[in-house]
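Please read the following report alongside the sequence and the coordinates. It moves from the whole chain to one residue.

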Amino acid sequence: MKDGTLRYSVLADELAGLIDAGVLRPGDRLPSVRRLASEKRLSVSTVVRALHQLEDAGAVEARPQSGFFVKQRRPERAEPRTGAPPDQAVAVEVSQRLMRVLRANTQPGVLPLGAALPAPELLPIAAIRRLYSRVARRHPKLLAGASHTEMNEPALLRQVVKRSLAWGSALAGGEITVTHSCTEAMHLCLRAVTRPGDTVAVESPAYYLGLQLLESCGLKALEIPSAPGIGVSVEALELATRQEKVAACLLVPNASNPLGSIMPDANKARLAALMAERGVPVIEDDVYGDLHFDGPRPWPIKAFDRAGNVMLCSSFSKSISPALRVGFVAAGRYSGNVALQKTIISGATNPISQMVLAEYLESCASDRHLRRLRGRYANQVEQMMRAVARYFPAGTRMSRPQGAFVLWVELPDETDTMKLYGLALAEGVSFVPGELFSPSGMYRNCLRLNCGNPWSAAIEAGIQRLGQLAARAGSCL
Ligand SMILES: Cc1ncc(COP(=O)(O)O)c(C=O)c1O
């Protein structure tokens, strides 16, 4: 081990010791980088590395223009119960209700706590804007046309493969199709491996746009129990795929939506092996994989797949900009069919946007941005947890997200969150009612809150009001 490596670890251990001993308390500001460097006689880069190690371990957080702070402890509340879904597949009918809820989220004057969208000020929009004009000037041919057969911009493909080196097993360029979004990637996979009337296994609770995709493809959903902090139950999936013919599973293993769970590696490995053995293709939605709060980047299920059976879908909507509309799928042995579906459905994704993204990912700004963004999301989720713990009625439970930026809340049993939604919207507060996360109508007393916005007095007031309405709704129903 090199000397420099030892020095940053020693400093990180020393600071961690002070935090453990309570000398440095939650919310305390750490001495500045310059001060630590001069007092410890270390280089600035060694100190920064030590602080990043502590940040990755979840002990401290960086706040823009303010320095590093000891992380607040999360408020303790029991985790939500996820119950036992029906063991039969059901038809999916969420679209109409979902569209009403998502549209309301964007009405002027409504607090955007519904759709899982980050606030624009957290994203590198100015850099992307500059890149659009630079790329259009430098590569005028990209404006001349788009192919229906050559759909991937090589520069972007290179960046995606390069980033995947940290995911346990690098993606192969040849298996990748660039798409308009993660949603399109999942749609292509479903079209490639299912037929109308087939059954697809999903988590319970499940991400609603995934359910909407099943609905639009005429597929049935089989809800598989999923626990906070663990994700989908591999045992239940094992049983379900033995009892019923399942054409595919559609899962969000890293920072799932809505629970925010990251599946343990051992479960991911078992799931990959089991589904390969049963011949059930896995569609993996890894859109939040880079947005974990602590520790190293979680590996996707695909890292454990030896059979080319996992199709990894992702995009840059949650980390760079939802407006770019660029995602990708690495579809293993289904890649030929997935690419064909892309040709049929939409042809190449906008070449200029692909190149803009490639150039942004190439710059060192992108890693810096991601590190900062993870800290911001973690902080916003914690603020939301604190406000829910403070303002929501007794008996409320909430998730402990391990990444991304949504919080799942379970209210007392008698609360109907669809009714609560109407009351809250009339007062300018949105959220997504729990039943939209279950095709069989579970989770009627649950709701999901978007924490993608910097904490503000308006959000605090909105959560306080929502808590009052929830207490009243619970008591009169
Ligand atoms: C789990 C999950 N997958 C995919 C998406 C959508 O990604 P995209 O905008 O790239 O389609 C979302 C957005 O909320 C999401 O939460």
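The report below treats overall architecture and then the surroundings of Ala 331.

This is a predicted model, in which local features need pLDDT of at least 70 and side-chain atom pairs count only at pLDDT 80 or more, while totals for chains, interfaces and linings use all residues. Residues are numbered from 1 along each chain as its sequence is written.

The domain bounds, which come from an automatic or database domain assignment, are listed here.

| Domain | Residues |
|---|---|
| domain 1 | 3–70 |
| domain 2 | 91–120 + 367–476 |
| domain 3 | 122–365 |

Between the C-alpha centres of domain 1 and domain 3 the separation is 35 Å. The protein contains 15 helices and 15 strands, these being DSSP runs (helices H or I, at least four residues; strands E, at least two) numbered from the N terminus. Along the principal axes, its C-alpha atoms fill a box of roughly 70 × 65 × 45 Å. Of the 477 residues, 49% count as buried, a residue being buried if 20 or more other C-beta atoms, placed from the backbone, lie within 10 Å of its own.

Ala 331 sits in the loop that links strand S11 (327–330) to helix H11 (335–345), and it counts as buried because it has 28 C-beta neighbours inside 10 Å. Its C-alpha atom is separated by 6.5 Å from that of Ile 176, although the two residues are 155 apart along the chain. Leaving aside residues up to four places away in sequence, Ala 331 touches Glu 175, Thr 177, Cys 189, Met 311 and Val 338, where contact requires C-beta atoms, placed from the backbone, to lie within 7 Å.

Note on methods:
Buried ≥ 20, exposed ≤ 12 C-beta atoms within 10 Å, placed from the backbone. Contact = placed C-beta atoms within 7 Å.
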